[in-house]
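Student: I have a chain in front of me and would like to learn how to read it. Where do we begin?

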Amino acid sequence: MAAAHPPIDHVTLDDVRAAARLLDGVITRTPVQAFRAMTEAAGAPVVLKCENLQRAGSFKIRGAYTRLSRMSDEEKARGVVAASAGNHAQGVALAAQMLGIHAIVYMPVDASVPKLRATRGYGAEVRQVGESVDEALVAARAEAARSGRTLIHPFDHLDVVTGQGTVALEILEQVPDVGTVVVPLGGGGLVAGIATVLAEAAPHVKVVGVQAETAAAYPDSLVAGRPVPRALGATMADGIAIGTPGDVPFEVLARLGVEVRTVSEEEMSRALLLVAERGKLIVEPSGAAGVAAVLAAAPGSLPGTIVPVLTGGNIDPLLLLRVVQHGLVAAGRYLQLRVCIDDKPGSLAELLDVVAAAGASIVQVEHTRTDTSLTVAQVLVNLQLETKGTEHCEAVVERLRAAGFAVA
């Protein structure tokens with residue numbers, strides 16, 4: 001039986017160091033990886049902190065195990081309940097399995113199938129309810145009140161923030177010249193833990209939290225000086241789609257003046273594609289938010305060696321396929337064209353010959369005579385092409401127009 005840990009009223013560097021000792025042998029000390037593909041764009045060295053390679057596929061096991069291990073024997077016997085889109089669910093489920101605690105996890109109805117399977121695989125009872133983590137959290141709170149189980153909040157608890165802060169201790173050891181740490185931001189537990197450590201151990205290091213722009217509750221909350229609920233827009237980054245900041249992490253971010261930036265869906269998909277293509281790493285969209293923010297920043301605007309934290313790698317293969325396709329379009333690797341040609345034998349072959357001569361690969365051809373904009377002597381051809389980038393796209397279009405084709 002682990003020694004009882006005295007309750008804390010705020011997180012300190014010593015608390016995080018104690019959590020690191022607790023987690024020794026439980027979690028993986030995740031590697032860092034130099035990411036030279038971004039160095040020129042960022043105007044500084046970029047080193048990835050690979051929490052996507054953590055046990056259960058994300059950093060969440062750090063906070064979950066810290067929280068569960070510090071419960072009393074009576075609390076452990078009653079069991080725990082949690083709410084999550086997937087990463088916290090897996091962290092709680094794995095920690096509970098390791099500690100012999102029964103766990104119930106509420107997940108949104110559209111939670112990804114791999115995250116559902118993994119959570120059940122770790123032995124948790126999964127109940128699906130609501131369309132967001134916030135709605136699932138309402139159900140989890142009700143279960144805790146009814147059953148006496150302990151609610152393991154995904155971010156709004158001192159022990160959770162303390163456990164997540166151990167990421168920063170590793171970064172300081174692995175990247176001694178770190179100047180900026182860029183962290184995906186949902187409820188705020190990870191950013192708060194990292195910012196707490198760096199404020200004490202390396203106050204010169206800048207911390208930047210990154211939210212999806214369609215689900216960014218922190219900017220308005222920081223202006224208001226208190227957590228302000230925000231209606232969530234659609235985002236592929238379900239791991240950071242949180243409608244209201246947590247009280248505990250919000251206080252840390254506000255007190256330490258942590259900068260918060262937002263990124264678009266296109267920026268996240270391009271970042272995910274870059275990490276996969278050049279970094280050889282699979283991350284989920286929320287896990288790539290930090291990379292997206294670095295790519296969007298002006299070169300040289302972030303000081304020192306930049307460390308984006310890849311917070312998770314638990315992505316549904318179907319979503320990965322869609323995101324990669326979207327990222328390829330955003331990066332100019334796919335080109336979609338509408339070309340009007342004469343409705344006579346050989347016209348389509350002539351068009352495709354020009355495309356082939358321009359070095360583009362044909363993915364799909366749609367040939368129609370029924371568009372209302374056409375005359376009886378015209379045919380509309382919709383082309384989807386695979387290209388080598390933005391400049392190649394422009395060259396293909398120029399070549400088609402030079403050949404006399406009307407390109408839209």
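Tutor: What follows goes from the whole chain to its cavity and then to its salt bridges. Keep in mind that this is a predicted model.

Student: How many helices and strands does the chain have?

Tutor: The chain comes to 17 helices and 14 strands. Its C-alpha atoms fill a box of roughly 85 × 45 × 40 Å along the principal axes.

Student: What share of the residues is buried?

Tutor: A residue counts as buried when its relative accessible area is under 20%. Of the 408 residues here, 54% count as buried. The chain exposes about 17,300 Å², and carbon and sulfur atoms supply 51% of that area.

Student: What share of the contacts joins residues 24 or more positions apart?

Tutor: Take the contacts with a separation of 6 or more; residues 24 or more positions apart account for 73% of them.

Student: How many cavities of 30 Å³ or more does a search of the whole structure find?

Tutor: A cavity is a space where a probe fits but cannot get out. The search finds 1 cavity of 30 Å³ or more, and its volume is about 300 Å³.

Student: Which residues lie nearest the centre of that cavity?

Tutor: The lining has 28 residues, and F59, K60, G186, G239 and I240 lie nearest the centre. Two elements, α5 (87–99) and α10 (189–201), give two or more residues to this lining. The largest share, 3 residues, comes from α10.

Student: How do the lining residues divide into nonpolar, polar and charged?

Tutor: The lining of the cavity has 12 nonpolar, 14 polar and 2 charged residues. For this count, Gly is among the polar residues.

Student: Now the charged side chains. What can opposite charges do?

Tutor: Side chains of opposite charge can pair when their charged atoms come close. The structure holds 16 salt bridges. One of them joins the side chains of E74 and R78, with 3.0 Å from N to O.

Student: Where do E74 and R78 sit in the chain?

Tutor: Both are in helix α4 (residues 73–78). E74 and R78 are 4 residues apart in that helix, so about one helical turn separates them. E74 counts as exposed, at 56% relative accessibility, while R78 is partly exposed at 35%.

Student: Which residue forms a salt bridge with E284?

Tutor: E284 pairs with K115, and their closest N and O atoms are 3.1 Å apart. This pair links distant parts of the chain, with the two positions 169 residues apart: E284 is in the loop between α13 (265–279) and α14 (289–296), and K115 is in helix α6 (residues 113–121).

Student: Are E284 and K115 buried or exposed?

Tutor: E284 counts as buried, at 1% relative accessibility. K115 is buried as well, with a relative accessible area of 3%.

Student: What does the salt bridge of E143 and R127 link?

Tutor: The side chains of E143 and R127 meet at 3.3 Å, N to O. The pair links helix α7 (residues 133–147), which holds E143, to strand β5 (residues 125–128), which holds R127; the two residues are 16 residues apart. E143 counts as buried, at 6% relative accessibility, whereas R127 is partly exposed, at 27%.

Student: Which residues are linked in a network of salt bridges?

Tutor: K49, E51, R62 and E170 are linked in such a network.

Definitions and conventions
Residues numbered from 1 in each chain as written. Predicted model: local features only at pLDDT ≥ 70, side-chain atom pairs only at ≥ 80, totals over all residues. Heavy atoms only, no water. 1 Å grid on protein atoms, 1.4 Å probe; cavity = no way out; pocket = protein on both sides within 12 Å on 5 of 7 lines; lining within 4 Å. Points joined across faces, edges and corners; volume = space filled by probe spheres on them. Buried < 20%, exposed > 50% of the residue type's maximum accessible area, 1.4 Å probe, protein only. Contact = heavy atoms within 4.5 Å. Areas by Shrake-Rupley, 256 points an atom, 1.4 Å probe, with all protein chains shown as cover. Salt bridge = Lys/Arg side-chain N within 4 Å of Asp/Glu carboxyl O.
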